[in-house]
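Student: I should like a close look at a single part of this model, followed outward into the rest of the chain. Please set out in one connected account what the atoms show there.

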Amino acid sequence: MIFFRSCAILTLRLEVQKTENGVFHLYRIFIVEDDGVIAGAVERHLESWGYQVARARKFDAVLEEFTEFDPQLVLLDISLPFFNGYHWCREIRKTSKVPILFLTSAADNVNLVMAMQMGGDDLLAKPFDLQVLSAKVQAMLRRAYDFAAAPAALLACGGAVLNVSNGTLSVRDRRVELTKNEGKLLQLLLEKKGQVVSRDAMMTALWESDSFVDENTLSVNVNRLRRKLEAAGLPEFIRTKKGAGYLVEDETV
């Protein structure tokens with residue numbers, strides 16, 4: 001059992017197993033806890049379960065950090081510097097329906113009722129076992145989100161990670177901005193990695209957003225995407241198969 005003397009807001013991110021086409025589903029979880037020992041213990045435990053944890057640093061600007069991180073789950077301490085957890089729960093509820101789990105050592109009926117009235121979804125009394133915390137986190141995520149339609153999807157190959165939801169590319173911790181067309185082309189190639197994608201299939205993917213795409217427009221977009229990948233340290237990431245189309249090699253083969 002671990003006794004937490006104060007409660008915290010936590011935001012975490014759950015990483016589900018990779019699917020056959022290389023897609024990862026991520027859930028973000030954010031920690032607002034002023035006790036570094038407590039925050040560290042919970043952070044390490046949740047990371048061991050596959051979550052990526054972000055911790056609040058500015059306790060007078062929790063809402064700002066919450067908005068920037070855009071979490072799928074919040075663990076909220078009641079006793080915090082500047083403003084208590086009830087205050088931040090009210091502020092979060094003005095813009096988000098994200099699940100909020102209160103952690104508190106004062107788990108009497110008054111605090112339970114107050115937590116629910118302020119917009120909280122559940123409350124966990126201290127002291128508690130970290131395994132119990134994990135179980136509650138998993139249960140709340142299952143209730144709140146459809147696992148078949150996760151909030152963010154990543155396609156990964158050879159050091160490149162494409163965030164399908166916002167069209168951004170990360171290469172070994174370096175962020176690469178892509179245009180909408182470049183993102184669509186790279187998404188198609190990563191979804192079909194190890195397979196040759198024809199130019200016709202790629203133009204069809206672009207037609208979904210543009211009124212007309214010709215052979216020259218496709219070539220311009222592919223060449224521009226290649227230059228960005230090369231500048232990020234991935235030369236020859238997209239290979240040309242003469243007369244057939246383009247290919248991203250499957251690194252698992």
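Tutor: A definition comes first: helices here are DSSP runs of H or I with at least four residues, strands are DSSP runs of E with at least two, and both are numbered from the N terminus. By that numbering, L186 belongs to helix 6, and this residue is the point from which I shall work outward. The model is a predicted one, and the values that follow are to be read accordingly.

L186 has a relative accessible area of 0% and is therefore buried, the cut-off for that word being under 20%. Leaving aside residues up to four places away in sequence, L186 touches L162, L169, L178, L225 and F237. A further distance concerns V164: its C-alpha atom is 9.7 Å from that of L186, and the two residues are 22 apart along the chain.

One of the residues touched by L186 is L225, which leads to the packing of helix 6 against helix 8. In general, a pair of packed helices is described by the angle between the axes and the distance between them. Helix 6 covers residues 180-191 and helix 8 covers residues 215-231; their axes lie 10 Å apart and meet at an angle of about 80°. An angle from 65 to 115 degrees counts as roughly perpendicular, and helix 6 and helix 8 are therefore roughly perpendicular to each other. On the helix 6 side the contact is made by N181, E182, L185 and L186, and on the helix 8 side by L218, N221, V222, R224, L225 and K228. Sorted by class, this contact of helix 6 with helix 8 holds five nonpolar, two polar and three charged residues.

Helix 8 also packs against helix 7 (residues 199-207), with an angle of about 90° and axes 10 Å apart. Helix 7 and helix 8 are therefore roughly perpendicular as well. In this contact R199, M202, M203 and L206 of helix 7 meet E215, L218, S219 and V222 of helix 8. Its residues divide into five nonpolar, one polar and two charged. L218 and V222 of helix 8 thus appear in the contact with helix 6 and in that with helix 7.

Another residue of helix 6 takes us towards the end of the chain. D250 lies in the segment that follows strand 13 (245-247). The C-alpha atoms of D250 and L190 are separated by 8.7 Å, with their positions 60 residues apart along the chain. Apart from residues up to four places away in sequence, D250 touches K193 and G194.

The wider setting is as follows. The chain contains eight helices and 13 strands, and 48% of its 253 residues count as buried. Among contacts in the chain with a separation of 6 or more, 62% are between residues 24 or more positions apart.

Several of the strands pair in parallel. Strand 3 (residues 29-32) is joined to strand 5 by four bridges and runs parallel to it; I31 has L75 as its bridge partner in strand 5. From strand 3, I29 and I31 point one way while F30 and V32 point the other, and all are buried. Strand 5 (residues 73-77) is in turn joined by four bridges to strand 6, again in parallel, with L76 partnered by F102. Between these two strands the chain passes through helix 3 (residues 85-93), a right-handed β-α-β crossover. All five residues of strand 6 (residues 100-104) are buried: I100, F102 and T104 lie on one side, L101 and L103 on the other. Strand 6 is also joined to strand 7 (residues 122-125) by four bridges, the two running parallel, and T104 stands opposite A125.

Finally, two residues in the loops on either side of strand 5 have backbone values to note. D70, in the loop between helix 2 (62-69) and strand 5, has a positive phi near 55° without being a glycine. F82, in the loop between strand 5 and helix 3, likewise is not a glycine and has a positive phi of about 70°. D70 is partly exposed, at 45% relative accessible area, whereas F82 is exposed, at 62%.

Notes: Residues numbered from 1 in each chain as written. Predicted model: local features only at pLDDT ≥ 70, side-chain atom pairs only at ≥ 80, totals over all residues. Heavy atoms only, no water. Axes fitted to C-alpha atoms, helices over the stretch in contact; angles between N-to-C directions. Parallel < 35°, antiparallel > 145°, perpendicular 65-115°, else oblique. Contact = heavy atoms within 4.5 Å. Nonpolar A, V, L, I, M, F, W, Y, C, P; charged D, E, K, R; others polar. Buried < 20%, exposed > 50% of the residue type's maximum accessible area, 1.4 Å probe, protein only. Pairing = 2+ DSSP bridges. Right-handed = clockwise from strand over helix to strand, strands pointing away.
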